[in-house]
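Here is a friendly walk through the side-chain contacts of this model. Have the viewer open and follow along from one pair to the next.

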Amino acid sequence: MTFNQTCLFGQIDDLHDLALIERPVRRSLTTAEEIEKLTVDEGLNDIERAVYLLSSGQDVQRASVVVNLPNLVRQNPAETFRRVVPKVREVLHVAGVEMQLAAATSFLTILQDELILIQTHTHSILQIILLNLYHRDAVVSTAWLETLLSAIDVLPKETIRQEILNPLVPKAQLSQSLQSRLASCRVLGKVAGKFESHIVKKDVLPLVRSLCQDVEYEVRSCMCRQLECIAKGIGAEHTKAVILPELVELARDEGSSVRLAAFDTIVNLLEMFDNDDRTCIVFPLVKTFCEKCFKADEAVLASLTFQYGKVCHGLSGTFTEDQHVWFLEFYKKLCVLGLQHENGHSETYPLELERKYESVRKNCAYNFPAMVLFAEPKNFLSELYPTFSSLCHDPEIAVRRTTANGFHEVVKLLGSSVHLIQKELIALLQDDSLEVLDALMDNLQEILELVTSKGEGAGSESKQVNVPDLIPALNAAEQKAATSLKWRIHEKLLQKYSCLPRVISSDQIYFRFLQRMFTIITTNNVLPVQRQSARTLCVFLRYNRKQEQRQEVISKLLDQLGQGRSYWNRLRFLDICEIVMELFSKSYFCKYFFVPALELVNDPVANVRFKLCNMLPKLKSAIRLPTDKHLLQQLEYCVRKLLCREKDKDVMAVVRKTVLELDKMDITEPYQKRHEKDLLDQKKEKEENLLIEMEQLEKQQTEGKSSSEKLGERKRKEVKKSKLSRSRSLSCNPSPPKLSAAEKSLKSTSSTSPVTAKSSLQHINDDLLRSHHFSVASTSTAPSASVPVLIRSNTTGNGNKDTRKINMRSKRSIP
């Protein structure tokens with residue numbers, strides 16, 4: 001048998017197997033008898049059909065009626081509650097889990113509908129809920145309990161007291177099932193907030209005390225977690241007298257879950273305790289709880305650390321200095337729990353215990369900003385810096401990720417001392433895990449702005465970053481995200497990098513980031529990443545402060561993308577055109593991008609022409625008449641060319657649609673909207689002109705400094721030469737004899753009378769004034785971000801009149 005024959009017989013066998021599989025499927029199709037059973041008389045109205053299906057329908061039909069019950073109540077509440085709801089109550093006795101869950105949801109919807117909250121209807125619904133509340137299936141019971149708890153929010157007080165609270169008393173007794181007592185705990189905690197304090201004390205507190213002393217630890221724990229709601233219902237005075245003793249007793253319970261519930265409740269009620277209670281009762285209790293958990297109960301320790309920051313702040317007002325130090329030192333121990341043994345050597349723990357220790361350190365990282373406040377930011381270096389460094393370099397990713405999530409909070413708290421954690425920022429940017437980098441990216445702009453503006457030695461107007469290795473770390477983070485398969489993180493990172501013009505200088509962006517953006521656009525295979533890179537590149541271009549660099553970037557965009565070999569690059573060029581229209585002024589777009597975009601009408605690839613056709617309305621909106629009349633003519637010529645020569649049917653369809661949009665543009669847009677767009681465009685154009693003016697002023701400043709430096713150097717040489725010649729003349733010639741007063745006066749008058757002497761003196765004064773003028777000009781033309789300074793700087797250098805004014809002021813200032 002040949003290979004082909006073998007393959008053929010194998011295929012026949014496979015078809016035979018498929019035939020065998022198909023036979024049971026045909027036998028399981030609905031028969032005529034089953035179709036007859038599912039058929040309902042079309043003459044029945046909605047109520048009659050629901051009653052019929054609940055009485056003799058299939059399970060799927062009954063379930064549909066239960067799901068549709070809220071709509072029946074809205075259409076005809078009286079008939080629904082008289083005929084349908086009793087049938088639903090009968091069906092639920094034998095219903096399955098799915099129908100029970102659907103009924104719980106439907107009745108909750110009915111109770112939350114204010115239109116049908118009638119006393120008789122509410123009574124019948126609550127009877128059904130309470131009847132199924134203690135269902136043997138735990139899932140069904142929980143669903144009905146959640147329905148009841150949600151219904152309490154919308155029910156009146158009297159209904160709650162008569163229909164819920166009174167029947168609850170026997171269900172909370174010790175003789176009832178565990179499930180019944182647990183449900184009673186939840187209901188008591190819910191109803192406590194609905195009544196006045198005297199009713200809570202009379203009707204609720206006796207049941208609460210009984211359940212707090214239940215023999216089952218699950219009941220004690222559940223009731224303990226409801227004490228917070230009950231305490232808020234009876235007020236601070238009765239909380240101190242009744243609730244606090246119960247919490248103290250529960251905090252010493254033998255069950256760890258009960259102790260943890262008591263601890264959480266105490267922390268949540270700290271505001272209701274006075275200073276004496278906090279000092280004498282709560283603090284010793286919390287301290288003992290922390291010590292016991294640290295030594296023997298790691299499961300509870302993880303939950304303790306989640307509340308630790310709240311504990312420290314709630315009790316800090318009553319701490320002594322020793323108590324403050326104790327809580328801070330205990331926190332430091334928790335931050336390194338599981339990393340090293342008490343003797344300083346590393347130790348291997350069981351996997352389950354390692355996971356618990358990891359959870360402890362993760363919660364410590366979550367609470368770190370709160371602990372900075374607790375220790376005060378001025379003490380950060382001495383008290384918490386080693387701990388923070390340890391959390392940033394923790395071996396577990398979850399701990400480092402949580403630290404990165406709260407890094408911006410720590411930066412804000414440190415203020416001018418933020419330079420202390422610059423190394424940790426670099427470490428998190430270079431972390432091996434992308435999850436850590438992703439967490440840091442959420443607040444990257446805020447972090448970088450604070451680090452670079454408040455760091456030690458920072459604050460120069462040129463934005464030269466003083467944080468060591470920051471730019472290489474940012475580059476490395478982007479490279480790591482690019483080489484991974486998690487393109488969403490890469491896209492998010494590129495989006496966050498658009499904040500860099502606010503942080504670093506244009507030169508740093510130009511030489512370290514711009515070329516990378518080009519590379520991503522032209523080589524990356526993920527479209528969202530390409531588009532985000534294009535947007536970030538346009539932001540870099542928007543805030544670049546050097547015309548030469550801006551021109552070079554635009555040339556690369558036109559050459560490598562607009563005229564690129566790959567149609568994919570030409571599509572990205574059109575994306576960039578849309579972004580430029582959004583970020584720049586209309587005049588800027590029309591000057592550099594309008595014509596290159598229109599030239600793609602001749603592109604050989606239909607997809608490029610298709611995209612261009614969709615952009616034509618946006619291109620027309622960028623034209624400002626009558627200035628750009630020639631551009632409008634080119635646009636109209638482009639449309640005519642497409643209508644005459646286009647052969648692709650999809651492109652032709654979008655061209656026809658676009659022509660209609662172009663005709664309606666000036667008519668459909670409201671005047672107010674056009675006016676707002678014009679104002680925004682004027683603002684953008686003004687900012688672009690401001691960048692050009694600032695660049696010119698910087699050049700003037702540089703040229704002024706260089707000329708003043710040359711002049712100063714020449715003057716220093718002349719002065720040095722004159723001093724040298726005078727010293728030589730003094731050393732070679734004897735000193736002249738002293739003159740009398742008459743001779744002195746004659747000498748002075750004769751020396752000032754000649755014209756040559758007067759002109760030489762004037763020449764010296766002119767040199768002094770000129771040097772002073774350059775110094776004034778160099779200081780007055782310093783770059784600034786405010787417009788008035790730019791205007792003053794431009795007006796001071798125009799005309800001889802202004803120069804004479806400055807010289808006159810300079811003369812008056814020279815003694």
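## A salt bridge to start with

K240 and D274 form a salt bridge, with 3.3 Å between the closest N and O atoms. The term covers a side-chain nitrogen of Lys or Arg within 4 Å of a carboxyl oxygen of Asp or Glu. This pair links distant parts of the chain: K240 is in helix α14 (residues 236-251), while D274 sits in the loop between α15 (256-268) and α16, 34 residues apart. Helices here are DSSP runs of H or I with at least four residues, numbered from the N terminus.

How open to solvent are the two partners? K240 counts as partly exposed because its relative accessibility is 40%, and D274 is partly exposed too, with a relative accessible area of 33%. Buried means under 20% relative accessible area, exposed means over 50%, and partly exposed lies in between (1.4 Å probe, protein chains only).

## How to read the values

This is a predicted model, in which local features need pLDDT of at least 70 and side-chain atom pairs count only at pLDDT 80 or more, while totals for chains, interfaces and linings use all residues. Residues are numbered from 1 along each chain as its sequence is written, and side-chain values use heavy atoms, with hydrogens and water left out.

## More charged pairs

By the salt-bridge rule, the count comes to 39. Another of these pairs is R361 with D394, whose closest N and O atoms are 2.7 Å apart. R361 lies in helix α20 (residues 351-366) and D394 in the loop between α23 (385-392) and α24 (397-405), so this salt bridge ties together parts that are 33 residues apart in sequence. Are these partners buried or exposed? R361 is buried, with a relative accessible area of 4%, and D394 is buried as well, at 1%. Elsewhere, R531, R572, D575 and K611 are joined into one network by salt bridges that share partners.

For a pair within one helix, look at E228 and K232, whose side chains meet in a salt bridge at 3.2 Å, N to O. Both lie in helix α13 (residues 217-234), 4 residues apart, which is about one turn of the helix. K232 is exposed, its relative accessible area being 55%.

## Aromatic rings

Now for the rings: a search of the whole structure finds 25 aromatic pairs. Rings of Phe, Tyr and Trp (its six-membered ring) pair if their centres lie within 6.5 Å; planes under 30 degrees apart count as stacked, over 60 as edge-to-face and the rest as tilted. One of the pairs is F283 with F327, which is tilted, at 5.6 Å centre to centre and 45 degrees between the planes. F283 lies in helix α16 (residues 275-296) and F327 in helix α19 (residues 321-335), so the two rings tie together parts that are 44 residues apart in sequence. Both F283 and F327 are buried.

F327 also pairs with W326, this time edge-to-face, with 5.1 Å between the centres and 75 degrees between the planes. W326 is partly exposed, with a relative accessible area of 22%, whereas F327 is buried at 0%. Ring pairs link F283, Y308, F319, W326, F327, F330, Y331 and F374 into a cluster. Within it, F330 is in helix α19 and is buried, with a relative accessible area of 5%. The C-alpha atoms of F330 and E291 are separated by 9.0 Å, although the two residues are 39 apart along the chain.

## Charges over rings

Two further contacts bring a charge and a ring together. The charged end of K556 sits over the ring of F518, 4.6 Å from its centre, and that of R542 sits over the ring of Y543, 5.2 Å from its centre. A charge sits over a ring if NZ of Lys or CZ of Arg is within 6 Å of the ring centre and within 35 degrees of the ring normal.

## Cysteines

How many disulfides does the whole structure have? A search finds 0, where a disulfide is a pair of cysteine sulfur atoms within 2.5 Å. For C212, the closest cysteine sulfur is in C224, and at 6.6 Å it is too far for a bond. C212 counts as buried, at 3% relative accessibility, whereas C280 counts as exposed, at 58%.

Note on methods:
Helix = DSSP H or I, 4+ residues; strand = E, 2+ residues; numbered from the N terminus.
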